[in-house]
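Colleague: I should like to go through this model with you. Could we look at how its elements pack together?

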Amino acid sequence: MRIGDVLYFAPKIRFAELDFNDVPALVRAFQSRVEGFYLDPAARALAAGDGFAGGLVCCAAIELIAKISANNHPAA
């Protein structure tokens with residue numbers, strides 16, 4: 001997400017702050033990204049009665065996790 005001139009990896013983590021050599025911190029940053037940009041917004045949509053929108057965001061989260069955790073890309 002871009003806010004002004006800053007590109008965020010997660011809601012409170014800038015891309016420039018990521019240290020790819022610090023694996024535990026990178027895993028925590030990825031968890032923050034999934035929760036902050038996908039799961040929390042999906043939960044808010046579901047709580048507001050917007051099941052379709054919440055479901056779409058959940059599907060996007062599943063696809064992101066599948067792409068990150070798999071050696072192969074999902075079939076198109």
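Modeller: The following exchange concerns the helices and then the strands of this predicted model.

Colleague: Let us take the helices. At what angle do the axes of H1 and H2 cross?

Modeller: The axes of helix H1, residues 23–47, and helix H2, residues 51–69, cross at roughly 160 degrees and come within 7 Å. An angle over 145 degrees counts as roughly antiparallel, and H1 and H2 are therefore roughly antiparallel to each other.

Colleague: Is the crossing of H1 and H2 left-handed or right-handed?

Modeller: H1 passes H2 in a left-handed crossing.

Colleague: And which residues of H1 and H2 meet?

Modeller: From H1, the contact takes in Phe30, Val34, Tyr38, Leu39, Ala42, Ala45 and Leu46. On the H2 side, the residues met include Gly51, Gly54, Val57, Cys58, Leu64 and Ile68. By class, the residues of this contact of H1 with H2 comprise 15 nonpolar, 2 polar and no charged.

Colleague: Turning to the sheet, in what order do the strands come?

Modeller: The order is S1-S2-S3, in an open sheet of 3 strands with antiparallel pairing. Strand S1 (2–3) and strand S3 (13–14) are at the edges with a single partner strand each, so one side of each has no neighbour in the sheet.

Colleague: How many bridges join S1 to S2?

Modeller: There are 2 bridges between S1 and strand S2, residues 6–10. Ile3 has Val6 in S2 as its bridge partner.

Colleague: Finally, which strands does H1 lie across?

Modeller: H1 lies across S2 and S3, and runs at about 95 degrees to S2.

Methods
Residues numbered from 1 in each chain as written. Predicted model: local features only at pLDDT ≥ 70, side-chain atom pairs only at ≥ 80, totals over all residues. Heavy atoms only, no water. Axes fitted to C-alpha atoms, helices over the stretch in contact; angles between N-to-C directions. Helix = DSSP H or I, 4+ residues; strand = E, 2+ residues; numbered from the N terminus. Parallel < 35°, antiparallel > 145°, perpendicular 65-115°, else oblique. Left-handed = near helix turned anticlockwise from the far one by under 90°. Contact = heavy atoms within 4.5 Å. Nonpolar A, V, L, I, M, F, W, Y, C, P; charged D, E, K, R; others polar. Pairing = 2+ DSSP bridges.
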